[in-house]
Amino acid sequence: MTTKSQIGINKSVSNISAWRHYIGRYEIIMAILNILIIIFFYWESRGRYVAPANIYTLLRYTEDLGILTMAEVPIMFAGLIDLSPTGIANLAPLIDWSLWQYFMGAGMGFYPALIIATLIAWLLAAFIGFINGVVITKGKVNFLIATVAMLFLTDGIALIGWGGWPEPFPGADRAFFFGGTVNGILPIPFIWALAFAILIMFLFYKTKFGVYITAAGSNVTWAKEAGVPVDRYIIIAFILSGIAGGILGVIDGSVVREVSATNFTSDLTLEAIAAAVIGGTLLIGGKGTPIGSFLGAVLIAQLLDGFTVLGVNAYTYDAIIGLAILVLMVSTGSRETLTQYFRRISRLRMTEEIEHQQVVANWNSNDNKNKQ
Amino acid sequence: MVGEELLRVEDVWKSYGPVVALRGVNMVVRRGEVVALLGDNGAGKSTLIKIISGYLKPDRGQLIFEGKPVRFNSPLDAKRLGIEVVHQDLAVILDLPVYRNIFLTHEITKNGILQDKIMMEESKKALSVLKIPMPEVTVKAEALSGGQRQATAVARATYFVKKLLLMDEPTAGLGVVESKRVLAIAKQYAKEHNVGVIFVTPNIFQAYDVADRIYYMEQGKIIFEKRKEETTVEELTDTITKRILSLRRRDKL
């Protein structure tokens with residue numbers, strides 16, 4: 001009993017090759033949108049948009065947003081969100097800096113001290129993510145409450161421990177692998193973000209992580225009935241998010257050459273979530289695309305950077321970004337209904353055509369009858 | 001030929017808050033036999049299945065599997081012992097493709113990397129047992145009809161089961177031909193693969209058709225147990241109807 005719709009499904013997936021699994025219609029739309037935006041800004045800025053200095057800036061924006069977006073994607077697949085990564089991004093480099101000072105004071109060399117201090121800071125960041133995960137899954141605390149609390153906690157500890165004034169993170173800029181630049185155009189932090197994005201995509205598409213986190217977000221009861229270790233994998237997702245916050249804080253801080261408890265605000269997290277949603281990963285869980293969401297981060301980064309290049313007033317800038325996100329979301333959401341609408345219209349027209357032809361045929365045969 | 005004792009349910013109690021779902025259930029399943037669990041909705045059949053499959057823990061009592069007491073902390077513990085289940089709500093994840101559903105918790109991996117090609121091939125084999133028309137195994141489960149989702153759930157359990165197969169109303173969404181097929185599979189796995197089968201159904205005809213022994217449950221208790229040879233469909237219908245009517249008269253239902 002293969003229905004018509006199943007025949008359609010058969011046709012579209014019967015010759016599926018490997019890449020087709022990951023790149024579908026939505027990802028291609030996101031790529032095209034990004035290209036259109038490049039063209040738009042290039043045109044409007046009369047070429048300034050693609051100047052090397054701006055490419056560098058654009059990649060820096062993409063890196064900031066991209067890391068958090070990719071961290072949120074698995075969590076959103078589980079039907080949750082994490083609002084704490086920016087707090088971790090504030091705290092981790094401060095811990096890194098203090099440990100580094102301490103190690104150097106104890107006689108360790110510059111690089112070994114930096115590396116070990118950074119690894120410890122990142123371990124701590126992962127642990128904070130772990131706490132988030134445990135509180136939410138085992139503690140049964142609502143994910144918004146838990147992650148917002150963690151955000152306040154980490155920001156608070158950063159403020160209490162190090163004050164609100166920025167600490168110089170000097171010498172870290174001597175560490176090429178943190179804050180350096182390749183050829184003056186490619187920032188090393190962007191490579192870190194890209195590596196993290198690839199890690200998330202690999203875990204999601206190629207390992208059980210993706211399967212289980214999707215199952216958890218699709219229907220947590222059925223996933224548990226089937227035996228999926230839902231709690232464990234949600235905790236893993238939060239650990240990854242904590243690590244992302246750690247990387248963002250330390251790597252980004254190395255470029256800026258100073259770290260402070262107020263470096264990152266939660267605005268960035270909200271932009272990252274918006275980027276993920278625009279890229280196709282929905283908030284309800286179970287649905288989305290990591291590749292698409294990364295392209296969504298690129299898109300928002302482009303909007304941020306492009307409007308700056310065009311000299312858009314900083315006050316109107318926020319409003320424009322918000323409006324742009326809304327417009328994109330509405331048009332994305334209604335794209336399907338538009339297609340369905342046109343299909344329905346054309347079907348109606350077809351039936352009208354057929355009926356009209358039948359009526360005409362009837363008239364003609366009646367005319368013939370009357371003539372006879 | 002019915003073999004040695006596979007599962008013994010001993011005095012299992014389970015409550016959901018103030019509602020007592022199981023009141024001291026005792027039951028035995030042997031290798032190579034099909035046991036039917038008969039009863040109306042709300043009798044506690046699904047709760048018992050959820051406990052045996054490891055999804056719930058009993059409040060009191062224990063499970064003895066192959067002579068040893070077992071405690072399941074999750075369905076994975078039960079699966080490791082060779083117990084597979086078809087849940088009443090199917091537990092088929094709609095956002096995952098068919099082949100990932102079939103291999104859910106049984107994924108084939110090499111160094112942690114999913115082996116999709118093999119899983120897709122084997123899924124087709126798992127589904128072929130049921131002979132229900134299915135689209136490609138790469139299709140998301142949300143695109144399947146109810147019967148096809150049920151086929152996925154049954155295929156999953158039958159493909160992986162080693163010792164004990166639990167089927168909770170597995171023909172609920174299926175047509176006549178497919179239902180007969182599922183009953184045949186239940187019997188086949190018992191006889192040919194020496195698997196123990198618990199088949200839950202509210203339908204007396206189905207129970208009598210598929211089972212070697214029938215347990216009748218009512219309000220959390222096993223009321224009686226009968227072997228197929230010692231009863232008939234008419235007798236079962238008669239007994240059960242009388243009980244339900246008398247309970248209704250006494251306003252117990």
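These notebook entries follow my look at the aromatic rings of this structure, which is a predicted model.

**Entry 1, ring pairs.** I began with the count of aromatic pairs, which comes to 16 over all chains. I then took up Phe127(A) and Phe130(A), whose ring centres are 6.0 Å apart and whose planes stand at 25 degrees, so I noted the pair as stacked, given that planes under 30 degrees apart count as stacked. Looking up where they sit, I found both Phe127(A) and Phe130(A) in helix H5 of chain A, residues 110–137, three residues apart, which is about one turn of the helix. For accessibility I wrote down 45% for Phe127(A), which counts as partly exposed, and 35% for Phe130(A), which also counts as partly exposed.

**Entry 2, a pair in chain B.** I turned next to Phe103(B) and Phe160(B), whose ring centres are 5.3 Å apart with the planes at 85 degrees, so this pair is edge-to-face. The pair links distant parts of the chain, 57 residues apart: Phe103(B) lies in the loop between helix H3 (98–102) and strand S7 (109–110), while Phe160(B) belongs to helix H5 (residues 146–160) of chain B. I checked burial as well, and both Phe103(B) and Phe160(B) are buried.

**Entry 3, a cluster.** In chain A I noted that ring pairs join Phe40(A), Phe41(A), Tyr49(A) and Phe307(A) into a cluster.

**Entry 4, charges over rings.** Which residue lies over the face of Trp13(B)? I found Arg60(B) there, at 4.5 Å from the ring centre. I also recorded Lys228(B), which lies over the face of Tyr208(B) at 5.3 Å from the ring centre.

Note on methods:
Residues numbered from 1 in each chain as written. Chains lettered and ligands numbered in written order. Predicted model: local features only at pLDDT ≥ 70, side-chain atom pairs only at ≥ 80, totals over all residues. Heavy atoms only, no water. Phe/Tyr/Trp six-rings, centres within 6.5 Å; stacked < 30°, edge-to-face > 60°. Helix = DSSP H or I, 4+ residues; strand = E, 2+ residues; numbered from the N terminus. Buried < 20%, exposed > 50% of the residue type's maximum accessible area, 1.4 Å probe, protein only. Lys NZ or Arg CZ within 6 Å of the ring centre and 35° of its normal.
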